[in-house]
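Colleague: Could you walk me through how the strands in this model are put together, and take it slowly? I'm new to this, so please explain the terms as you go.

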Amino acid sequence: MQGKALVAMSGGVDSTVAAHLMLGSGYECAGAMIRMHHGDNSGENDARAAAEQLGVYLYMLDFSKQFDENVIKKFVYEYGEGRTPNPCILCNRHIKFGLLLEWARELGYDFLATGHYARVSREASGRYLLKRGTDFTKDQSYVLYSLTQEQLAAANFPLGQMSKQEVREIAAGMGFRNAQKSESQDICFVPDGDYARFIEEYVGAPSQAGRFVDEEGNDLGEHKGLAHYTIGQRRGLGLSMQYPAYVLEIRAEDGAVVVGRNEALLSKSLMADDINLIAVDSLEAPMRAQVKIRYGHAAQPAIVSQVDDGKFIVEFDEPQRAITRGQAAVIYDGDVVIGGGTII
């Protein structure tokens, strides 16, 4: 036997196949279905059916209070400060590989397996490395950069060397009812993608209107509230300009949304804080690497320099569009995740 593994099972095809593969590799498994927010029961029936077919016990866990405290409140606060956060990173850090992993260990499980498309390897030195999934179109290493050595030691990603098509083929071959289940493309607690509406309902008040201004500070009219906008946005501004206008800056200090031409969105550098380094303890010297500035961004060549224990600076070879405060900057050396931090 390989050991005891708890598999996070959402009811989706990825986590179901992950559980199937863990069992096939000789692990003693149980599943855990986490309810993370009010109304989050869409996958329960599929998770129960999968667990029953696989012959594993399924724990039903309600982490909605902790998810609200560590993910949703942070999401709402960041938008109010003019930043655009990635709640999946917070969820992996605090809930899946925080709370759930601690709970699994208390019950005697050695590993926590998930359906993420990423890989973990152990070096001869004993250090654990996080690597991209081999299917770059599905790679989820970006949202896992905050994991610590201790968390990576317990993490198991059985889909890391597979493609989505291969996963669906396995599910279909096993007769899993979720083999062709569609994937959610939005944040789990905002399934319709209307972040501004969600935030207004969460805080119980409409967004506070403010002013659109150009780069010179000229007043261009009223906007609907900071939560309605993100850097690089063009649609939905409601402005009549002599040129295509894009959101360049969101200023929480005075409630202004700065707009301008597309070329003003280009920048060659960024600073990130709240950093977590995986492959090294620190960047002793400027490092040649590739850096992603959002989940769907292709990693770009750059020089990364650590300025203190909690910050690094990235200097890109070529200007990047719409570098956004609140998103993560994740550093890669080929397939290996060096680490990352939050863009400030």
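Modeller: I'll go through the two sheets strand by strand, then have a quick look at some cysteines.

First, some housekeeping: residues are numbered from 1 along each chain as its sequence is written, and side-chain values use heavy atoms, leaving out hydrogens and water. The model is predicted, so local features need pLDDT of at least 70 and side-chain atom pairs count only at pLDDT 80 or more, while totals for chains, interfaces and linings use all residues.

Let's start with the sheet of five strands. Its order is S3-S2-S1-S4-S7, the sheet is open, and the pairing is parallel. (Strands are DSSP runs of E, at least two residues, numbered from the N terminus; two of them pair if DSSP finds at least two bridges between them.) At the edges you'll find strand S3 (58-62) and strand S7 (155-156). Each has a single partner strand, so one side of each is left without a neighbour in the sheet.

Now zoom in on one pair here. Strand S1, residues 3-8, lies parallel to strand S2, residues 27-35, and six bridges link them. If you want to spot one of these links yourself, find Lys4 and look across to Glu28 in S2, its bridge partner.

The other sheet has four strands, in the order S9-S8-S11-S10. This sheet is open too, but here the pairing is mixed. Strand S9 (219-223) and strand S10 (246-251) are the edge strands, and each pairs on one side only. On average, neighbouring strands of this sheet are turned by 30 degrees against each other, direction ignored (axes are lines fitted to C-alpha atoms, and angles run from 0 to 180 degrees between N-to-C directions).

One pair to follow in this sheet is S10 with strand S11 (residues 256-260): the two run antiparallel and are joined by five bridges. Arg251 is a handy place to look, as its bridge partner in S11 is Ala256.

Finally, the cysteines. The structure holds zero disulfides (a disulfide is a pair of cysteine sulfur atoms within 2.5 Å). Take Cys88: the closest cysteine sulfur belongs to Cys188 and lies 6.9 Å away, which is too far for a bond. Cys88 is partly exposed, because its relative accessible area is 40%, whereas Cys29 is buried at 14%. (Buried means under 20% relative accessible area, exposed over 50%, and partly exposed in between, with a 1.4 Å probe and protein chains only.)
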